Amino acid sequence: RITQEDLVGRLAVQEIFVTQAQIAKIESGTRPVKDYELIAIAKALRVPVQTIVDDTLRAERHKQQGKG
């Protein structure tokens, strides 16, 4: 795991400029992530984009099941 600030730094190296607050909003689902940001985030985390998508979908399903 890395901190949000570490992720901000790794994204800046890729010339993707977001703040720690924006990362927090992306994580909480209150800010949509742009396609190029998703690609850069995956690269920064050293995981395939599909892993992030799958994890997000799994978390969303889990959240919906909890509300039912």
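**Positive phi angles in two loops and the largest pocket**

In this predicted model, residue E15 is found in the loop that lies between α1 (4–13) and α2 (20–28). Although E15 is not a glycine, its backbone adopts a positive phi of about 65°. The relative accessibility of E15 is 63%, and the residue therefore counts as exposed, given that the exposed class begins over 50%.

A second residue with a positive phi occurs further along the chain, in the loop between α3 (35–45) and α4 (49–67), where R46 is found. R46, which is likewise not a glycine, has a phi of about 60°. With a relative accessibility of 68%, R46 counts as exposed.

Turning to the pockets of the model, the largest pocket holds about 860 Å³ of space. Its lining is made up of 24 residues, among which I26, E27, L45, I52 and T56 are the closest to the centre of the pocket. Two or more lining residues are contributed by each of the elements α1, α2, α3 and α4, and the largest share, amounting to eight residues, comes from α4. When the lining of the largest pocket is divided by residue class, twelve residues are nonpolar, whereas six are polar and six are charged.

The helices that flank the two loops described above, namely α1 and α2 for the loop containing E15 and α3 and α4 for the loop containing R46, are thus also the elements that give two or more residues to the lining of the largest pocket.

How values were computed. Residues numbered from 1 in each chain as written. Predicted model: local features only at pLDDT ≥ 70, side-chain atom pairs only at ≥ 80, totals over all residues. Heavy atoms only, no water. Helix = DSSP H or I, 4+ residues; strand = E, 2+ residues; numbered from the N terminus. Buried < 20%, exposed > 50% of the residue type's maximum accessible area, 1.4 Å probe, protein only. 1 Å grid on protein atoms, 1.4 Å probe; cavity = no way out; pocket = protein on both sides within 12 Å on 5 of 7 lines; lining within 4 Å. Points joined across faces, edges and corners; volume = space filled by probe spheres on them. Nonpolar A, V, L, I, M, F, W, Y, C, P; charged D, E, K, R; others polar.
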